[in-house]
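Work through the exercises below with the model open. Each one sets a task and then solves it step by step.

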Amino acid sequence: TATDVAGNVSSASSAAAVTIDNTAPALISAITISDTALKIGDTATVKFTFTEAVSGFTTADTKVENGKLTGLSSSDGGITWTATLTPSTSITDTTNQIQLDNTGYTDMAGNAGVGTSNSPNYSIDTERPTLASSITISDTALKIGDTATVTFTFAEAVTGFTIADVSVPNGVLSNLTTGDGGITWTATLTPNASASGA
């Protein structure tokens, strides 16, 4: 109550409700990535889950190593957000992360996030395997009874390589093997009988 200078006492006071939100929004858990070993043609779904609904969140608030995020959206009012991660082409890198700048979004009260958050690591291999050097042949002038060793050296380990992948005019390959996990492969070249050619 209050009293004026004449001594009049006011009636009972009334109160107004005040809502306070001085808590910054934040990720409720780590950024998740549906596929952490991306190769040519792969994409992954990236999920951001916040402690409360946020607005103003865009892909500009993220830094994506060796890739890009597209299609960022929320289907539950701003708490859970998903985007598609597409890796860059012709890249081999085993250590990559997505970094989120938390100051780029706000909660419904206008409080901005604080600091940065990082995703788990993801690896990228979008380089096609190639030969590191020319195919070598131990003997390039074969006669009756000769054989030669043919060596294929790749830039990285490969699988699924068979004799069916090789065309051999006037000869055949056999015993294709690798002794170092798929980088260097050797085979035996045997010339066809009664064949002649350069």
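**Exercise 1. Find how far apart the mean positions of the positive and negative charges of the protein are.**

Solution. Count Lys and Arg as positive and Asp and Glu as negative, leaving out His and the chain ends. Place each charge at NZ of Lys, CZ of Arg, CG of Asp or CD of Glu. The protein then has 6 positive and 18 negative charges, and their mean positions lie 11 Å apart.

The model is predicted: local features need pLDDT of at least 70, side-chain atom pairs count only at pLDDT 80 or more, and totals for chains, interfaces and linings use all residues. Residues are numbered from 1 along each chain as its sequence is written, and side-chain values use heavy atoms, with hydrogens and water left out.

**Exercise 2. Find the salt bridges in the whole structure and state whether D42, K143 and D146 are buried or exposed.**

Solution. Look for a side-chain nitrogen of Lys or Arg within 4 Å of a carboxyl oxygen of Asp or Glu. The search of the whole structure gives two salt bridges. One joins K39 and D42, with the closest N and O atoms 3.5 Å apart. The other joins K143 and D146, with a closest N and O separation of 3.4 Å.

Next, apply the accessibility classes: buried is under 20% relative accessible area, exposed is over 50%, and partly exposed is in between (1.4 Å probe, protein chains only). D42 has 17% relative accessibility, so D42 is buried. D146, at 16%, is also buried, whereas K143 is exposed at 58%.

**Exercise 3. Describe the surroundings of T49.**

Solution. Start with the strands, which are DSSP runs (E, at least two residues) numbered from the N terminus, while helices are runs of H or I with at least four residues. T49 belongs to strand β3, residues 44-49. With a relative accessibility of 18%, T49 is buried. Then list contacts (heavy atoms within 4.5 Å). Apart from neighbours within four places in sequence, T49 touches A26, L27, I28, S29, I79 and T80.

**Exercise 4. Why is the protein more spread out than a compact globule?**

Solution. Begin with the secondary structure: the protein has zero helices and 16 strands. Its radius of gyration is 33 Å, well over the 16 Å from the globule rule for 198 residues, so the protein is more spread out than a compact globule. The radius is taken over C-alpha atoms, and the rule is 2.2 Å times the number of residues to the power 0.38. Along the principal axes, the C-alpha trace spans about 130 × 25 × 20 Å. Finally, buried residues account for 25% of the 198 residues.
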